[in-house]
Amino acid sequence: RQGVDPEVERIVSMGDSALDGPGMFARRCFVLELCQLNHPEQALKLMTVEKREKAIQSLIEVKSYIDCLSADQEVEFWLPYDHCQKASIWHTLTKIEDLRGKVKHMVARRMSSDCVQALPP
């Protein structure tokens, strides 16, 4: 895709495979990478509506997972991340509804105009 940040492109590709698989680990890795983007909505808007909803649901699942960790488990969870990465991830996870609002009415760019016209308002 022309003009798309390669990092955003990488995250979208990661989401394409992780969101369809049964493994929570792959979805968690995708979410943690997505959350580190300056504008995660850029990646979400390149996804189909179905994938976008799966991504939002995965964000919610990861936040719930982190919320349920014991203090020791939480320390271990954050070990691979520096302060800035942790802040970015946590900021995105606490703003899921804002993110959902930003992408709610977006139509994925890769959908044909025929598909777009068939979508309900």
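This briefing walks through the fold, the core, two helix pairings and a handful of residues. The model is a predicted one. Its chain comes to eight helices and zero strands, so expect a run of α-α-α-α-α-α-α-α from the N terminus on. Of the 121 residues in the chain, 32% are buried.

**Overall picture**

- Take the contacts between residues at least 6 apart in sequence: 70% of them join residues at least 24 apart.
- There are zero disulfides in the structure.
- Two cysteines sit in opposite settings: Cys35 has 0% relative accessibility and counts as buried, whereas Cys84 is exposed, with a relative accessible area of 59%.

**The nonpolar core**

- The largest nonpolar core has 29 residues, and Phe30, Leu34, Leu44, Leu59 and Leu93 are the ones that touch the most other members.
- At least two residues of this core come from each of helix 1 (6-18), helix 2 (24-35), helix 3 (40-44), helix 4 (49-67), helix 5 (71-78), helix 6 and helix 7 (96-103).
- Leu34 reaches Ile11, Pro40, Ala43, Leu44 and Leu59, once its neighbours within four places in sequence are left aside.
- Leu44 belongs to helix 3 and is buried, with a relative accessible area of 0%.
- Not counting residues up to four places away in sequence, Leu44 touches Leu34, Arg52, Ala55, Ile56, Leu99 and Val103.
- One of those partners, Ala55, is 11 residues from Leu44 along the chain, with a C-alpha separation of 7.8 Å.

**Helix 2 against helix 4**

- How do these two cross? Their axes come within 9 Å, at roughly 95°.
- Roughly perpendicular is therefore the label for helix 2 and helix 4, because angles of 65 to 115 degrees fall in that class.
- On the helix 2 side, the contact uses Met24, Arg27, Arg28, Phe30, Val31, Leu32, Leu34 and Cys35; helix 4 answers with Ala55, Ser58, Leu59, Glu61, Val62 and Tyr65.
- Sorted by class, this contact of helix 2 with helix 4 has 10 nonpolar, one polar and three charged residues.

**Helix 2 against helix 6**

- Helix 2 also packs on helix 6, at an angle of about 100° and with the axes 8 Å apart.
- That makes this pair roughly perpendicular too.
- Val31, Leu32 and Cys35 from helix 2 meet Ser88, Ile89, Thr92 and Leu93 from helix 6.
- The contact of helix 2 with helix 6 splits into five nonpolar, two polar and no charged residues.
- Val31, Leu32 and Cys35 also turn up in the list of helix 2 residues that meet helix 4.

**Thr92: a buried threonine in helix 6**

- Where does Thr92 sit? Its place is in helix 6 (residues 83-93).
- Thr92 is buried: its relative accessible area is 7%, and the cut-off for buried is under 20%.
- Leaving aside neighbours within four places in sequence, Thr92 is in contact with Cys35, Pro40 and Leu99.
- One of these partners, Cys35, is itself buried, at 0% relative accessibility.

**Two arginines to look at**

- Is Arg27 buried or exposed? This helix 2 residue counts as buried, at 15% relative accessibility.
- Arg27 touches Ala18, Leu19, Gly21, Pro22, Ser58 and Glu61, not counting residues up to four places away in sequence.
- Ser58 and Glu61 are among the helix 4 residues that meet helix 2.
- Arg100 lies in helix 7 and is partly exposed, with a relative accessible area of 23%.
- Which residues does Arg100 contact, leaving aside its neighbours within four places in sequence? They are Glu53, Ile56 and Ile60.
- Arg100 and Ala55 are 45 residues apart in sequence, and their C-alpha atoms are 9.9 Å apart in space.

Notes:
Residues numbered from 1 in each chain as written. Predicted model: local features only at pLDDT ≥ 70, side-chain atom pairs only at ≥ 80, totals over all residues. Heavy atoms only, no water. Buried < 20%, exposed > 50% of the residue type's maximum accessible area, 1.4 Å probe, protein only. Contact = heavy atoms within 4.5 Å. Core = buried A, V, L, I, M, F, W, Y, C linked by side-chain atoms within 4.5 Å. Disulfide = S-S within 2.5 Å. Axes fitted to C-alpha atoms, helices over the stretch in contact; angles between N-to-C directions. Parallel < 35°, antiparallel > 145°, perpendicular 65-115°, else oblique. Nonpolar A, V, L, I, M, F, W, Y, C, P; charged D, E, K, R; others polar.
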